[in-house]
Structures are given as structure tokens and as C-alpha cells.
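Please read the following explanation alongside the sequence and the coordinates, taking the elements in turn and checking each contact as it is introduced.

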Amino acid sequence: MVKLFNILISKDNISCDYTPEDCTEAGHVTMNIKSQEIIDVKYSEYEYGKKLYVAHVRKKLAELTQLSEIPKEVIAVWY
């Protein structure tokens, strides 16, 4: 589970802060909307560079770009 918050969207990019699991140290991701590539990332301390959570953040950000209204926060859950 990863919580996305402070979600901001502009013409070209979408970004958010995120916290994995029960971590209090947030990371930050910026993704290009058109290419859906991560263009900037600051990993949370919880990840130790494993990139597991960032992949789920990227997927959720891509889904959010299809919405007419962007929520203030959202949770991504997987099995």
C-alpha cells in the first residue's frame, strides 16, 4: 500500500508526495503525462532505493491523468 498526496497536475506533468506502508518519511515523484515516464524522484527512506513503491505511484498517477477531477489524495493497493 502507498498513499499519494499533495497531487499537482500541470499541462505536461503530474506530481505527488507519497508514503509507503506506515512510513512517515515521504518521497516525491514527478511524471510526464504524455510519455508516462518518471522525470524526477526522491525516494522515501522506507524504500532504500528498491523502487517498488515508485512503480505503483507511477501507475496510479497515470490512472489519475484520465480523470476529469484530480483528488487531493489517493491510496494504491496491490496484492
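The paragraphs below go through the sheet, the helix, the salt bridges and a patch on the surface.

The model is predicted, and side-chain atom pairs are counted only at pLDDT 80 or more. Its framework is an open sheet of five strands, arranged in the order 4-3-2-1-5 with antiparallel pairing. Strand 4, residues 38-42, and strand 5 stand at the edges and have a single partner strand each, so that one side of each is left without a neighbour in the sheet. Averaged over the sheet and with direction ignored, neighbouring strands are turned by 25° against each other. Strands of a sheet pair through backbone hydrogen bonds, and the pairing can be either parallel or antiparallel.

Within this order, the individual pairings can be followed strand by strand. Strand 1 and strand 2 are joined by a hairpin through three residues, and the two strands pair in the antiparallel sense over six bridges. Strand 2, which covers residues 13-20, is in turn joined by six bridges to strand 3, residues 27-32, and these two strands also run antiparallel; as one example of the register, D17 has H28 in strand 3 as its bridge partner. Strand 1 pairs with strand 5 as well, in the antiparallel sense and over four bridges. V2 shows both of these pairings of strand 1, since this residue stands opposite P20 in strand 2 and opposite A76 in strand 5.

Helix 1, made of residues 52-64, packs on the sheet and touches strand 1 (2-9), strand 2, strand 3, strand 4 and strand 5, while the direction of the helix makes about 140° with that of strand 2. One residue of helix 1 that repays a closer look is V54. Is V54 buried or exposed? Its relative accessible area is 6%, and because buried means under 20%, V54 counts as buried. Leaving aside neighbours within four places in sequence, V54 is in contact with Y18, V29, V41, Y43 and E47. By comparison along the chain, I70 lies 16 residues from V54, and the C-alpha atoms of the two are separated by 19 Å.

Side chains of opposite charge can pair when their charged atoms come close. How many salt bridges does a search of the whole structure find? There are two. In one of them the side chains of K3 and E73 meet, with an N to O distance of 3.7 Å. K3 lies in strand 1 and E73 in strand 5, so this pair ties together parts that are 70 residues apart in sequence. Both residues are partly exposed, K3 at 31% relative accessibility and E73 with a relative accessible area of 47%.

The other salt bridge is formed by K60 with E63, whose closest N and O atoms are 3.2 Å apart. Here both residues lie in helix 1, three residues apart, which is about one turn of the helix. K60 is buried, with a relative accessible area of 18%, whereas E63 is partly exposed, with a relative accessible area of 38%.

Finally, the surface carries a nonpolar patch of about 270 Å², made by M1, I75 and V77. Of these residues, V77 is placed in the segment after strand 5 (73-76). V77 counts as exposed because its relative accessibility is 61%, and exposed means over 50%.

Methods: Residues are numbered from 1 along each chain as its sequence is written. Side-chain values use heavy atoms; hydrogens and water are left out. Patches are made of residues with over 30% relative accessible area and no salt bridge: like charges are joined within 9 Å, nonpolar side chains (Val, Leu, Ile, Met, Phe, Trp, Tyr) within 5 Å. Accessible areas come from the Shrake-Rupley method with a 1.4 Å probe; for residues, only the protein chains shown count as cover. A salt bridge is a side-chain nitrogen of Lys or Arg within 4 Å of a carboxyl oxygen of Asp or Glu. Buried means under 20% relative accessible area, exposed over 50%, partly exposed in between (1.4 Å probe, protein chains only). Two strands pair if DSSP finds at least two bridges between them. Axes are lines fitted to C-alpha atoms, for helices over the stretch in contact, and angles run from 0 to 180 degrees between N-to-C directions. Contact means heavy atoms within 4.5 Å.
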